[in-house]
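User: I'm new to this structure and would like a close look at a single part of it. Could you walk me through that part slowly?

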Amino acid sequence: MDDDMDNHPAGHDHAVVLGAGLAGLLAARVLAQRFARVTVVERDELPAAGPAFRPGVPQSRHAHVLWSRGLDVMEALLPGITRALLAGGAALLESPRDFLWLSTADWFGPVPGARILLAGRELLDWTVRQEVLRDGRIEVRSGCAATGLRAGPDGRTVTGVELRDGGPLAASLVVDATGRTSRAPAWLAALGHPAPAVTRYDSHLGYSSRFYEIPPDPARRWQGMYVQGRPDSPRGGVLVPLEGGRWLVTLIGNGEHAPPTGDEDFLDFARSLRSPALYDAIRDAKPLSAPTGFRSTANEWRHYERLERWPTGFVVLGDAACRFNPVYGHGMTVAALAADALDRAMGTLSARDLPGAARRIQRSTAAVAAVPWQIATSEDMRYPETEGPPPDRVARALQAYMSRVIVGANADPAISRRFFGVLSLSTSPNTLLSPGTVVRVLSKWRLPTSPATTDYPAHHVPPAG
Ligand SMILES: Cc1cc2nc3c(=O)[nH]c(=O)nc-3n(C[C@H](O)[C@H](O)[C@H](O)COP(=O)(O)OP(=O)(O)OC[C@H]3O[C@@H](n4cnc5c(N)ncnc54)[C@H](O)[C@@H]3O)c2cc1C
């Protein structure tokens with residue numbers, strides 16, 4: 001036991017989680033099963049009266065899709081959360097049946113797909129926070145920024161955190177869930193630990209998003225849509241229904257096709273997508289906000305799990321460890337899966353033994369990023385201007401095969417079930433490589449990857465005029 005801990009006996013049975021985003025809150029929920037107290041330290045002042053925007057999660061102004069796997073894991077950790085979200089106005093849809101999707105090939109028909117939850121990010125965070133804080137062992141200190149780690153004299157044992165106002169705070173386990181702006185590499189360096197290797201793929205994707213009032217239309221038979229870009233037409237858009245009778249429309253484009261943030265340009269860009277369906281939907285709708293841009297969308301994996309030396313009592317989770325190009329919609333599900341992996345890695349360890357298992361926990365939680373990382377980076381590498389380690393021959397063969405899977409999924413429910421199972425992170429990608437699936441996929445080789453017209457899906461009614 002080091003001196004620092006002796007100075008702070010409260011630290012013995014105390015875990016500190018930095019960041020009250022989804023990764024931090026879900027981790028706190030799990031840690032409260034072992035620690036007598038869990039303190040979540042959050043830099044922002046958290047809204048007290050209900051869901052509201054806050055600067056620490058700027059991405060909340062852009063469309064977020066929660067895949068069924070993420071929701072299922074959240075439900076297991078916080079029973080009743082789905083009901084609470086739906087009561088708050090979230091929508092649980094079937095994609096592509098009622099959430100239309102123009103893939104890189106054609107519009108998906110109403111094939112078996114996956115459930116997705118659509119809600120304002122503020123509603124999601126608020127609801128998760130309310131549910132997590134029902135646990136009396138968990139407390140939030142908001143308006144309080146973490147500025148570094150405290151450690152024993154040799155830097156090998158993390159004993160707490162430094163806070164900008166009101167620190168230090170002693171703890172035997174510290175979890176960094178401060179998201180994409182995490183300073184963990186510098187904090188570790190200050191303790192004498194090497195920086196993690198970083199793998200980065202940047203397809204220079206830009207987002208521009210705007211809220212609209214949902215215009216009444218009794219003939220509308222869909223609730224949301226995704227018009228996907230592709231390398232020869234790298235512009236896309238997603239329209240999601242949100243609580244409060246709103247649509248959130250996010251336009252997407254790579255490199256010089258990044259979407260504009262001017263009022264008029266926003267509609268012009270929407271008109272230039274591969275299908276007019278999204279433009280038709282919003283052209284006469286009433287905007288409720290100005291467009292907001294976002295450009296920091298690179299995939300970036302900080303490989304803490306590879307470091308040979310790792311301090312006792314420290315773990316990095318969520319976007320702080322690995323962030324993804326958001327267009328594939330996996331970050332929140334990965335945050336939930338990381339909490340689940342933390343739960344499993346804790347096994348039967350007591351609060352006293354957990355800090356010593358930090359390195360193993362870091363590896364287990366990092367492993368959940370592998371599949372979404374593969375999906376995001378191999379898709380991004382289809383775009384010639386993407387910066388990052390080039391794909392090898394196997395990766396190229398898989399890219400070509402996945403193009404055929406997307407075509408086959410639209411014609412064969414068995415392929416579509418597997419494709420959406422993998423995309424929603426519910427089933428292993430190996431299911432797409434089983435001999436039976438490969439034969440099914442290749443038997444559809446005559447179907448075109450670029451159909452003559454992608455104007456409207458067959459199960460969609462264009463608006464009058
Ligand atoms: C534009 C965009 C769109 C996205 N769309 C999707 C989507 O469709 N589906 C999906 O699943 N994911 C999506 N994501 C990813 C998703 O938002 C994140 O992966 C997910 O929220 C997990 O985030 P986190 O909890 O790790 O970090 P965050 O949500 O960023 O939370 C980090 C928290 O730490 C706090 N903090 C920061 N520094 C400190 C400090 N020093 N001390 C104390 N607190 C601090 C912040 O205020 C914040 O509350 C998108 C991301 C972006 C950028």
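Let's take strand E2: how many bridges join E2 to strand E7, and do the two run parallel or antiparallel?

Analyst: Happy to, and keep in mind that this is a predicted model. Five bridges join E2 to strand E7, residues 138–142, and the two run parallel. If you want a spot to look at on that side, find Val38, which stands opposite Ile138 in E7.

Now for E2 itself. The strand spans residues 37–42, and it's mostly covered: five of its six residues are buried. Buried here means under 20% relative accessible area.

E7 isn't the end of the story, though. E2 also pairs with strand E1, residues 14–18, again in the parallel sense and over five bridges. The pair to look for here is Val17, which stands opposite Val40 in E2. To get from E1 to E2, the chain passes through helix H2, residues 22–31, and this β-α-β crossover is right-handed. So that you can picture the side chains, here is a rule of thumb: in a regular strand they alternate between the two faces of the sheet.

While you have the model open, the empty spaces inside are worth a look too. Rolling a probe the size of a water molecule over the atoms shows where such space is left. This structure holds five cavities of 30 Å³ or more, and the largest has a volume of about 170 Å³. It is lined by 20 residues, and the closest to its centre are Tyr226, Gly229, Asn254, Val327 and Tyr383. Strand E15 (235–242), strand E16 (246–254) and helix H11 (370–380) each supply at least two residues of that lining, with E16 giving the largest share, three residues. By class, the lining of the largest cavity has eight nonpolar, eight polar and four charged residues. Domain 1 and domain 2 each contribute at least three residues to it.

The second largest cavity comes in at about 90 Å³. Here 13 residues make up the lining, and Gly318, Ala321, Ala338, Thr365 and Ala366 are the closest to the centre. Helices H9 (331–346) and H10 (358–367) each supply at least two lining residues, and H10 has the largest share with three. The lining of the second largest cavity has 10 nonpolar and three polar residues, but no charged ones.

Back to where we began: E2 pairs with E1 and is joined to E7, and five of its six residues are buried.

Notes. Residues are numbered from 1 along each chain as its sequence is written. This is a predicted model: local features need pLDDT of at least 70, side-chain atom pairs count only at pLDDT 80 or more; totals for chains, interfaces and linings use all residues. Side-chain values use heavy atoms; hydrogens and water are left out. Buried means under 20% relative accessible area, exposed over 50%, partly exposed in between (1.4 Å probe, protein chains only). Helices (H or I, at least four residues) and strands (E, at least two) are DSSP runs, numbered from the N terminus. Two strands pair if DSSP finds at least two bridges between them. A crossover is right-handed if, with the strands pointing away from the viewer, the path from the first strand over the helix to the second runs clockwise. On a 1 Å grid over the protein atoms alone, a cavity is a set of points where a 1.4 Å probe fits but cannot get out, and a pocket is an open set with protein on both sides within 12 Å along at least five of seven lines; lining residues have an atom within 4 Å of a point. Grid points are joined across faces, edges and corners, and a volume is the space filled by probe spheres set on the points. Ala, Val, Leu, Ile, Met, Phe, Trp, Tyr, Cys and Pro count as nonpolar, Asp, Glu, Lys and Arg as charged, and the others, Gly among them, as polar. Domain bounds come from an automatic or database domain assignment.
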